[in-house]
Amino acid sequence: MLNGRCHCGDIALTVQLSRAAEQYAPRRCDCDFCRLHGAAYLSDPNGTLRFTLQPGASLNRYRQGAEQADMLLCGRCGVLVGACYEYQGHRYAAVNTAVLPAVFSAPEWASPQQLSAEEKTARWMQLWFADVAIDQPG
């Protein structure tokens with residue numbers, strides 16, 4: 001189990017992986033948004049991902065590119081904590097490794113811009129965490 005957070009601590013996350021962290025090669029997206037944020041994404045369809053917002057915190061969602069997935073950013077410090085896709089009431093997500101303390105294998109480049117909308121969503125549903133919760137106080 002890995003615990004991480006955004007810079008200000010308003011958003012905490014817990015990741016349960018099905019294998020040792022060093023066995024994962026995060027994916028570094030080549031789109032402008034992800035490159036500007038220095039993001040590399042980790043996911044495990046057999047793992048779990050939980051985002052927990054502190055009281056008064058806000059989780060901003062930003063859609064860019066094909067506007068299919070939400071980029072999840074802390075409303076106070078602006079750190080990109082992950083990406084989320086919701087389909088038929090089910091949530092899939094990937095976490096930005098910059099918010100986790102673990103050491104992973106070297107990131108691999110991915111180019112989702114080259115995929116059709118259907119190919120992207122099929123890839124996310126295959127590779128991303130499928131057990132995802134976003135807990136908000138109150």
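1. Helices here are DSSP runs of H or I with at least four residues, and strands are E runs of at least two, both numbered from the N terminus. With that in hand, helix H2 gives the largest share of the lining of the largest pocket, namely three residues.

2. Keep in mind that this is a predicted model. The protein chain has an average pLDDT of 92, and 98% of the residues reach at least 70. Confidence in the protein chain bottoms out in strand E10 (residues 108-110), with a mean of 78. At the other end, strand E5 (residues 48-53) has the highest value, 98.

3. Back to the largest pocket: how much space lies in it? About 480 Å³. A total of 23 residues line this pocket, and those nearest its centre are Cys29, Pro112, Lys120, Trp124 and Trp128. Besides helix H2 (117-127), strand E3 (27-29) also supplies at least two residues of the lining.

4. As for the chemistry of that lining, the classes split into 14 nonpolar, five polar and four charged residues.

5. Trp124 turns up again among the aromatics. There are five aromatic pairs in the structure. In one of these, Tyr85 and Trp124 have ring centres 5.3 Å apart and planes at 55°, so I'd call the pair tilted; the cut-off for edge-to-face is over 60 degrees. Since Tyr85 sits in strand E8 (residues 80-87) and Trp124 in helix H2, the pair ties together parts 39 residues apart in sequence. So Trp124 is worth a look from both sides: a member of this tilted pair, and one of the residues nearest the centre of the largest pocket.

6. Now the sheet. Four strands make up an open sheet, ordered E1-E2-E5-E11, with mixed pairing. Strand E1 (2-5) and strand E11 (131-135) are the edges, each pairing on one side only. On average, neighbouring strands of this sheet are turned by 15° against each other, ignoring direction.

7. Which way do E1 and E2 run relative to each other, parallel or antiparallel? They run antiparallel, and four bridges join E1 to strand E2 (residues 11-16). If you want a spot to check by eye, try Leu2, which stands opposite Val15 in E2.

Notes: Residues numbered from 1 in each chain as written. Predicted model: local features only at pLDDT ≥ 70, side-chain atom pairs only at ≥ 80, totals over all residues. Heavy atoms only, no water. Pairing = 2+ DSSP bridges. Axes fitted to C-alpha atoms, helices over the stretch in contact; angles between N-to-C directions. 1 Å grid on protein atoms, 1.4 Å probe; cavity = no way out; pocket = protein on both sides within 12 Å on 5 of 7 lines; lining within 4 Å. Points joined across faces, edges and corners; volume = space filled by probe spheres on them. Nonpolar A, V, L, I, M, F, W, Y, C, P; charged D, E, K, R; others polar. pLDDT = per-residue confidence, 0-100. Phe/Tyr/Trp six-rings, centres within 6.5 Å; stacked < 30°, edge-to-face > 60°.
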